[in-house]
Amino acid sequence: MRPTPPPRTYRVKSFGCQMNVYDGERMAELLGAQGISPAPEGEEADLVVLNTCHIREKAAEKVYSDIGRIVKDWRREDGTSPLIAVAGCVAQAEGEEIMRRAPAVSMVVGPQAYHRLPEMVAEAAEGRRTVETDMPAEAKFAALPARRKVGPSAFLTVQEGCDKFCTYCVVPYTRGAEISRPYKDLVAEAQGLVEAGAREITLLGQNVNAWRDDTNRGLEKLIETLAAMPGLARIRYTTSHPNDMTEGLIEAHRDIEKLMPFLHLPVQAGNDRVLKAMNRSHSADSYLRVLDRVRAVRPDIALSGDFIVGFPGETDAEFEDTLKLVDAVGYAQCFSFKYSARPGTPAATMDGQVAAEVMDERLQRLQAALNRDQLAFNQASVGKRCTVLVERKGRHEGQWLGKSPWLQSVHFTGEAAIGDLVEVELTAAGPNSLSARLLHPAHA
Ligand code: SAH
Ligand code: SF4
Ligand code: F3S
């Protein structure tokens with residue numbers, strides 16, 4: 001590659017899960033600390049970081065079409081294009097292969113190695129291509145700069161990696177083994193986020209409820225410490241595994257007021273044979289019992305989950321069990337996906353791969369049921385009074401958008417500002433959002 005002047009502007013595009021969003025923010029902070037500025041909206045950047053997701057085939061292939069578009073749209077008069085870095089889980093999974101397939105890429109950097117990005121950018125400007133996909137547990141966090149200004153709702157990665165090895169999933173390979181970040185580092189980072197303007201912190205991990213400190217205290221301990229921080233109003237956590245839902249964490253939903261009444265607990269399927277083939281290590285019934293325990297301590301909790309339809313070998317009757325489970329739970333919101341065979345995972349070579357049309361039909365039926373329940377949940381909220389954390393301006397004059405305690409999108413008009421926690425009455429519900437009446441501004 002030809003040498004280029006060092007980049008002055010960057011753009012980070014994150015795909016996939018919230019942990020990628022967090023990593024994208026940290027990469028932006030790193031580049032900012034090097035004196036590189038965010039490219040203004042709509043303008044080309046000297047450096048583009050594609051922070052990729054490998055979870056399904058579509059997500060993984062997107063990176064190559066994005067690279068093609070950047071090269072085509074942004075070729076400058078002197079024939080050069082922006083420097084391109086591929087980060088995230090595709091970088092980890094494909095490494096050198098990306099360099100072969102995409103000559104325009106000059107940096108490939110995995111999720112555990114992105115603290116090396118500034119050096120890689122300097123090398124790229126000199127015309128060298130580098131691949132960094134080492135997985136040294138935690139080294140990255142120590143090398144990152146302090147948190148800068150953040151929005152009212154901030155992410156904090158507390159746990160990374162996964163040891164569960166569900167047979168369809170790439171995460172244990174792209175993110176490595178489960179590690180918990182140290183308690184004191186997390187408290188310091190949370191404090192930094194609050195000082196930078198966060199009023200809500202969402203604790204993140206591929207299995208966030210598997211977080212432990214070095215004395216084996218669970219996530220509820222961290223939540224309790226954060227709840228004592230003045231200025232921080234709300235705490236959430238995601239994503240949890242059913243088997244790591246301890247009594248202590250469940251009780252935190254009763255005892256800690258700042259812990260919001262929302263639980264994302266993926267189940268994937270409602271049939272025990274399928275769950276076993278997925279290596280989920282819970283049954284439909286043990287999952288439902290966890291939800292019962294949570295509802296017993298926090299009756300208004302909003303429940304959420306993830307589903308996969310068309311896992312290899314799933315029959316029509318087994319799929320019906322998923323619909324039954326959905327009916328039994330009454331979710332507030334969910335994510336649902338068609339099974340996507342991922343290279344290197346055990347399920348990819350299992351017998352009984354399900355035809356695309358069958359998966360389409362199952363997904364449609366599942367989503368119809370989930371949409372029905374989501375609307376019902378929202379409609380049941382009408383008339384309730386609650387707080388809304390104001391996150392941004394709405395489309396209309398004087399309109400504001402924010403989230404209810406149950407993670408519903410809420411819009412209202414009136415006197416408010418981004419970061420306010422206001423009292424509202426929910427007045428009408430749609431499938432994806434609710435409207436509200438401002439009761440009185442609660443500047444805190
Ligand atoms: N660690 C989390 C989330 C992992 S990825 C958990 O275990 O819940 C997010 C979701 O993507 C999963 O919950 C699953 O529903 C979906 N997913 C993962 N691998 C997939 C695959 N190969 N095909 C389709 N969906 C998949
Ligand atoms: Fe993937 Fe299963 Fe781990 Fe979730 S628990 S990240 S679905 S292997
Ligand atoms: Fe995707 Fe990696 Fe997250 S594969 S879902 S970005 S952990």
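Q268 reaches ligand 1 with a polar side-chain atom that sits 2.7 Å from an oxygen atom of the ligand. This is a predicted model, and ligand 1 is a good place to begin looking around. Taken alone, ligand 1 exposes 540 Å², and 89% of that is buried by the protein. From there, the briefing moves on to two other ligands, the domains, a pocket and two backbone details.

**Around ligand 1**

- The shell around ligand 1 holds 15 residues, and the closest are Q206, P266, Q268, D306 and S340.
- R56 also makes a polar contact, with a side-chain atom 3.2 Å from an oxygen atom of ligand 1.
- Y168 takes part through its backbone: one of its polar backbone atoms is 3.0 Å from a nitrogen atom of ligand 1.
- Two elements, strand 13 (302-309) and strand 14 (333-338), each give two or more residues to this shell.
- Sorted by class, the shell around ligand 1 has six nonpolar, four polar and five charged residues.

**Around ligands 2 and 3**

- Ligand 2 has around it C162, K164, F165, C166, Y168, C169, V171, P172, N207, H241 and R280.
- The shell of ligand 2 consists of seven nonpolar, two polar and two charged residues.
- For ligand 3, the surrounding residues are C17, N20, T52, C53, H54, I55, C89, R175 and Q206.
- Four nonpolar residues, four polar residues and one charged residue make up the shell of ligand 3.
- Y168 is worth finding in the 3D view, as it is listed around ligand 2 and has a backbone contact with ligand 1.
- Q206 is another one to look for: it is among the closest residues to ligand 1 and is also found around ligand 3.

**Domains of the chain**

- The chain is split into domain 1 (9-132), domain 2 (141-380) and domain 3 (385-443).
- Between the centres of domain 1 and domain 3, taken over C-alpha atoms, the separation is 35 Å.

**The second largest pocket**

- The second largest pocket encloses about 300 Å³ of space.
- It has 13 lining residues, and those closest to its centre are R392, L401, S409, H411 and S433.
- Strand 15 (385-393), strand 16 (399-403) and strand 17 (409-413) are the elements that supply two or more residues to the lining of this pocket.
- Strand 16 gives the largest share of that lining, with four residues.
- Seven of the lining residues are polar, four are charged and two are nonpolar.

**Backbone details to look for**

- T238 and T239 are joined by a cis peptide bond, with omega at about 0°.
- T239 is placed in the loop that runs between strand 11 (234-238) and helix 10 (247-255).
- N216 has a positive phi of about 70°, although this residue is not a glycine.
- The loop that holds N216 lies between strand 10 (200-204) and helix 9 (219-227).

How values were computed. Residues are numbered from 1 along each chain as its sequence is written. Chains are lettered from A and ligands numbered from 1 in the order in which they are written. This is a predicted model: local features need pLDDT of at least 70, side-chain atom pairs count only at pLDDT 80 or more; totals for chains, interfaces and linings use all residues. Side-chain values use heavy atoms; hydrogens and water are left out. On a 1 Å grid over the protein atoms alone, a cavity is a set of points where a 1.4 Å probe fits but cannot get out, and a pocket is an open set with protein on both sides within 12 Å along at least five of seven lines; lining residues have an atom within 4 Å of a point. Grid points are joined across faces, edges and corners, and a volume is the space filled by probe spheres set on the points. Ala, Val, Leu, Ile, Met, Phe, Trp, Tyr, Cys and Pro count as nonpolar, Asp, Glu, Lys and Arg as charged, and the others, Gly among them, as polar. A residue is near a molecule or strand if one of its heavy atoms lies within 4 Å of it. A polar contact is a pair of N or O atoms within 3.5 Å; within protein, one must be able to donate a hydrogen and the other to accept it, and residues adjacent in sequence count only if both atoms are side-chain atoms. Accessible areas come from the Shrake-Rupley method with a 1.4 Å probe; for residues, only the protein chains shown count as cover. Domain bounds come from an automatic or database domain assignment.
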